[in-house]
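Hi,

Here is the structure I said I'd pass along. Have a look at it first, and then read my notes underneath.

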Amino acid sequence: MEPVRLDLPADLGIGQVNAYLFTQPEVVLVDAGIKTDACWEALVDGLALHGIAPADIARVVITHTHVDHYGLAGRLVAESDATVWVSELGAPWLSAAEALWHERLVYYRDDFLRHLGLPADVVAVTLHGLELLATRIDPVPAERIVPFHLDGVLQMGGQAWQVIHTPGHASMQTVFYQPEARRLLSADMLLAVTPTPVVEQPPPGAGGRVPALPVFVRSLDVVEALDVATVYPGHGRPFTDHRRVIARQRERITQRREECLGYVRAGLARVPELLDAMYAHQPPATRLAGLWMLIGYLDLLSEAGLVRQEVIDDVWNYRAT
Ligand SMILES: [Zn+2]
């Protein structure tokens, strides 16, 4: 069966987020909204339209562990016998959410944000926003979590869906592909507009931060190669012609990367001045998405050998090579 889109309200300036429902042969919900009363009510109403109550859900499948996609999973398992399925990389964000969020906030506060040279008030607002995010989930008891492999197969709607690991927006993100019906549950990997490459704390044992936008661009190759009729994204309406959407995003990324290079060549060396130049059209309070993109463009330019990073007084400076 075709996944049924449930259009849920998300705050945080995100607008809305989707969950997808399969009613047969068992009730499966893909993604679980954000932990707000409004989102819970919309989810319950959306399920009721299809004759489903939260208690009927057998499985909740999570595409990626961002709070707008798994915030209500804990409440759903509390009100049903459902298990929560998530990739093996995402599972710790359900079972040890508090510890991982703490680690991420410490990384942002003591490491990442310190090197950007942003004004103290911008850092404070950013950290506060991230702390709020961490409250928009309920923990899921470990015995209710079923981790799946990054190249596994999930049964949903009476069909086998391939799990495909597509890091970039989130390192643990998976999309689900049904080859016979040519359907792609694309999570936040493929949206109508490019998702943000969110900066994450370095994985254990890694030397440093994984550059997210270069990784995202490689994941686009993987998605582009799939034979897809309909894309069911994590935000917005389903769409067709995924290769046209991907081509447009690549074009935009290339264009903005070149603009960024232009500013660096003109002598803008630090993140605050680059952010002002690249995101002058956005009010400073909502520039977190812009910050993720800017770091992404700088990562792309560094990878291409077009800029290099210099640390001056503990702050990153970028120079054209
Ligand atoms: Zn999302």
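Below is what turned up, going from the whole chain down to one sheet.

One thing to keep in mind: this is a predicted model.

Starting with the overall picture, the protein chain contains 10 helices and 13 strands. Its radius of gyration is 20 Å, close to the 20 Å that the globule rule gives for 321 residues, so the chain is as compact as a globular protein of that length. If you line the C-alpha trace up with its principal axes, it spans about 60 × 40 × 35 Å. Buried residues make up 38% of the 321. As for contacts between residues at least 6 apart in sequence, 63% of them join residues at least 24 apart.

Next, the inside. The largest nonpolar core has 79 residues, and the ones touching the most other members are Val60, Ala73, Val84 and Leu294. Helix H10 (residues 288-303) supplies the largest share of this core, with eight residues. If you want a place to zoom in, try alanine 73: beyond its neighbours within four places in sequence, its contacts are Ala32, Val60, Ile62, Val84, Leu94 and Val140.

Then there's a sheet worth finding on screen. It is open, has five strands in the order E7-E8-E9-E10-E11, and its pairing is mixed. Strands E7 (153-156) and E11 (230-233) sit at the edges with a single partner strand each, so one side of each has no neighbour in the sheet. From one strand to the next, the twist averages 30 degrees. E7 pairs with strand E8 (residues 159-165) in the antiparallel sense, over four bridges, and leucine 154 stands opposite tryptophan 161 in E8.

Cheers

Technical notes: Residues numbered from 1 in each chain as written. Predicted model: local features only at pLDDT ≥ 70, side-chain atom pairs only at ≥ 80, totals over all residues. Helix = DSSP H or I, 4+ residues; strand = E, 2+ residues; numbered from the N terminus. Rg over C-alpha atoms; globule rule 2.2 N^0.38 Å. Buried ≥ 20, exposed ≤ 12 C-beta atoms within 10 Å, placed from the backbone. Contact = placed C-beta atoms within 7 Å. Core = buried A, V, L, I, M, F, W, Y, C linked by C-beta atoms within 7 Å. Pairing = 2+ DSSP bridges. Axes fitted to C-alpha atoms, helices over the stretch in contact; angles between N-to-C directions.
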